[in-house]
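Visitor: Please take me slowly through one part of this model, the place where a ligand is held, and then show me how that place fits into the rest of the chain.

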Amino acid sequence: MRLKKGNKKMDIIAIGRACIDLNAVEYNRPMEETMTFQKYVGGSPANIAIGTSNLGLNVGFIGKVSDDQHGRFIATYMAGKGVDTSKMVADQEGRKSGLAFTEIKSPSECSILMYRDNVADLYLTPQEVDEKYIREAEVLLVSGTALAQSPSREAVLTAVAYAKANDVKVIFEIDYRPYTWKSEEEVSTYYTLVAQKADIVIGTRDEFDMLEGKEGGDNQDTVKELFKYEPEIIVIKHGVEGSFAYSKEGKEYKANAYKTEVLKTFGAGDAYASAFLYALFNEKDVETALKYASAAAAIVVSKHSSSEAMPTVSEIEELINNQSQ
Ligand SMILES: Nc1ncnc2c1ncn2[C@@H]1O[C@H](COP(=O)(O)OP(=O)(O)OP(=O)(O)O)[C@@H](O)[C@H]1O
Ligand SMILES: O=C(O)C[C@@H](O)[C@H](O)C(=O)CO
């Protein structure tokens, strides 16, 4: 599938959370002993909006942030990165933006401590989703976490319905984060609902297991089931072991992870989705798109942040050229 850059006023509109990341400045130490954190914009769909904007796509964002210093920091930072924030709303009920403290114990032992009680992003309402805005985009990028609770859940389902009614492609980034979901049955129900309507579904093997409500699922079974519905491309990531893309016409592609000096592992998926979309918008085939995605992810895992570390096209291409897989 090729996406047409410049075909519509916007190439991509992302919907979901835009939050604050506070990343440990002192590495290789548990959170209890970490004294300094650096602030960045975070949240998977915000990172993807920033990542794709960095790569030259025309990107907008729909979401709700706190009406305070953090919310203003998020909106100003994203606008500064070229993201259209005209449909980003500030919560009027005093709800806060989510905070994600990251612990970097070792390159392979990273975790995120979430402060997300009653967060503003999960209070986006269907009335705050504008059909005219979505109609102007080639792609609507949906983050699965935004389906965790009402009214954000209904806001996202409304956005998907507007996209389907207006010939806007839906890309579903499963983005499973256990916090805020009430039960695994709910996860499976809402993920399945959106995945069946999406044109492209991207997730890790574990995330597809959540969607299917089982453990140890098999990629072939996953794609056989989802290709009965709308999806044309399904991307299944297996961490450092690489990733696979499957097309509805029966083709299968694999990309290995690129070698890099890993600092922390989070942010990989957002860089991956950003570069995958960039490549499809720039007339690359799926196999090449997987390489761009994997190279972008390798760059971000070697750096301190997710949003601020999103690579440029030349950084991605340099890594691909230096490490032919
Ligand atoms: N240690 C690593 N070194 C190089 N590349 C990596 C590493 N870990 C992940 N990647 C790349 O990033 C891609 C996505 O990683 P992963 O499967 O962990 O996604 P994710 O869980 O969505 O990421 P995130 O932690 O951001 O949520 C992988 O397919 C791989 O190409
Ligand atoms: O909100 C989150 O899920 C954490 C993010 O803020 C963080 O940037 C990350 O883990 C990226 O995937």
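Guide: Let us begin with G239, where a backbone N or O atom lies 3.1 Å from an oxygen atom of ligand 1; please keep in mind throughout that this is a predicted model. G267 also offers its backbone, with an N or O atom 2.9 Å from an oxygen atom of ligand 1, whereas K237 uses its side chain, from which a polar atom lies 2.8 Å from an oxygen atom of the ligand. Taken alone, ligand 1 would expose 620 Å², and the protein buries 84% of that area.

If you now widen your view from these contacts to the whole surroundings, you will find 19 residues around ligand 1, and those that come nearest are K237, G239, G267, G269 and A297. Sorted by class, the shell is made up of eight nonpolar, nine polar and two charged residues. Two helices, α8 (268-281) and α9 (286-301), each supply at least two residues of this shell, and α8, with three residues, gives the most. The space that holds ligand 1 is the largest pocket, and the ligand sits in it.

A second ligand gives us something to set beside this picture. Around ligand 2 there are 13 residues, of which R17, D21, G43, R177 and D270 come nearest, and by class this shell has four nonpolar, five polar and four charged residues. Several side chains reach towards oxygen atoms of ligand 2: in D270 a polar side-chain atom lies 2.8 Å from one, in N47 a polar side-chain atom lies 3.0 Å from one, and in Y179 a side-chain N or O atom is 3.3 Å from one. Taken alone, ligand 2 exposes 320 Å², of which the protein buries 98%. The space that ligand 2 takes up is the largest cavity, while ligand 1, as we saw, sits in the largest pocket.

Stepping back to the chain that surrounds both ligands, we can count ten helices and 13 strands in it. Its radius of gyration is 18 Å, close to the 20 Å that the globule rule gives for 325 residues, so the chain is as compact as a globular protein of that length. Measured out along the principal axes, its C-alpha atoms fill a box of roughly 50 × 45 × 40 Å.

Two details of the backbone are worth finding before we stop, and it helps to know the usual pattern beforehand. Most peptide bonds are trans, and most residues other than glycine have a negative phi. The peptide bond from S150 to P151, however, is cis, with omega near 5°, and P151 is found in the loop between β8 (137-143) and α4 (152-165). Following the chain onwards to the loop between α4 and β9 (169-173), you come to D167, a residue other than glycine whose phi has a positive value, near 60°.

Key:
Residues numbered from 1 in each chain as written. Chains lettered and ligands numbered in written order. Predicted model: local features only at pLDDT ≥ 70, side-chain atom pairs only at ≥ 80, totals over all residues. Heavy atoms only, no water. Near = heavy atom within 4 Å. Polar contact = N/O pair within 3.5 Å; in protein donor to acceptor, adjacent residues only side chain to side chain. Areas by Shrake-Rupley, 256 points an atom, 1.4 Å probe, with all protein chains shown as cover. 1 Å grid on protein atoms, 1.4 Å probe; cavity = no way out; pocket = protein on both sides within 12 Å on 5 of 7 lines; lining within 4 Å. Sits in = over half its atoms within 2 Å of the grid points. Helix = DSSP H or I, 4+ residues; strand = E, 2+ residues; numbered from the N terminus. Nonpolar A, V, L, I, M, F, W, Y, C, P; charged D, E, K, R; others polar. Rg over C-alpha atoms; globule rule 2.2 N^0.38 Å.
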